[in-house]
Amino acid sequence: VYSPALTDFICMVKNTSHLFITGPDVVKTVTHEEVTFEDLGGAKAHTSKSGVAHLAFENDMEALSNIRTLFSYLPQNNTETPPTVNCSDSRSRCEDSLDTIIPRDPNVPYDIRHVFAKV
């Protein structure tokens, strides 16, 4: 059910965006457990636990501003060349930490943002 979300870049607004298969009422009926919309499928749940969403924003204006920035990295259509950015790194730059930053054990979590920062 979440697979379409996993193929896109998902942005959510805290306390107003919710994504779940079934709502709090069904959870309560089946498990007798009370959960909120936010706990079940809010921005925090999906950006910090499930990984379905990539970014959470405080409000709609902040979300739209950041989405516009994201779109600025993409071409306008399939025939346009993508935007480029000049790189100041030396061609011979080597980042030794990239050899060890990702754990050998695939079951050990790591923060991909640290990898991106090194690249």
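This passage walks through the fold, one helix, the salt bridges and a surface patch of a predicted model.

Local features were kept at pLDDT of at least 70 and side-chain atom pairs at pLDDT 80 or more, while totals for chains, interfaces and linings use all residues. Residues are numbered from 1 along each chain as its sequence is written, and side-chain values use heavy atoms, with hydrogens and water left out.

Starting at the N terminus, the elements run α-β-α-α-α-β-α-α, giving 6 helices and 2 strands (DSSP runs numbered from the N terminus: H or I of at least four residues for helices, E of at least two for strands). The chain is more spread out than a compact globule, because its radius of gyration is 19 Å, well over the 14 Å that the globule rule gives for 119 residues (taken over C-alpha atoms; the rule is 2.2 Å times the number of residues to the power 0.38). Those C-alpha atoms fill a box of roughly 60 × 40 × 25 Å along the principal axes. Just 16% of the 119 residues count as buried (under 20% relative accessible area, with exposed over 50% and partly exposed in between; 1.4 Å probe, protein chains only).

Some of that burial sits in helix H4 (residues 43–50), where Ala43, Ala45 and His46 are buried. Their cover includes strand E1 (11–13), helix H3 (37–41) and strand E2 (55–57), with contact meaning heavy atoms within 4.5 Å. After H4 comes Gly51, with a positive phi near 80°.

As for charges, the structure holds 5 salt bridges (a side-chain nitrogen of Lys or Arg within 4 Å of a carboxyl oxygen of Asp or Glu). One of them joins Glu58 to Lys14, with the closest N and O atoms 2.6 Å apart. This pair links distant parts of the chain, 44 residues apart: Glu58 lies in the loop between E2 and H5, and Lys14 in the loop between E1 and helix H2 (24–31). Lys14 is partly exposed, at 33% relative accessibility. Glu34 pairs with Lys28 at 3.3 Å between the closest N and O atoms; Glu34 is exposed at 64%, and Lys28 partly exposed at 41%. Arg93 and Glu95 meet at 3.8 Å, N to O, and together with Asp89 they are linked in a salt-bridge network.

On the surface, Ile102, Tyr110, Ile112 and Phe116 make a nonpolar patch of about 400 Å² (nonpolar side chains, Val, Leu, Ile, Met, Phe, Trp or Tyr, joined within 5 Å, from residues with over 30% relative accessible area and no salt bridge; areas by the Shrake-Rupley method with a 1.4 Å probe). Ile102 is found in the loop between helix H5 (60–72) and helix H6 (112–118), and counts as partly exposed at 39%.

Methods. Patch = residues over 30% accessible without salt bridge, like charges linked within 9 Å, V, L, I, M, F, W, Y side chains within 5 Å.
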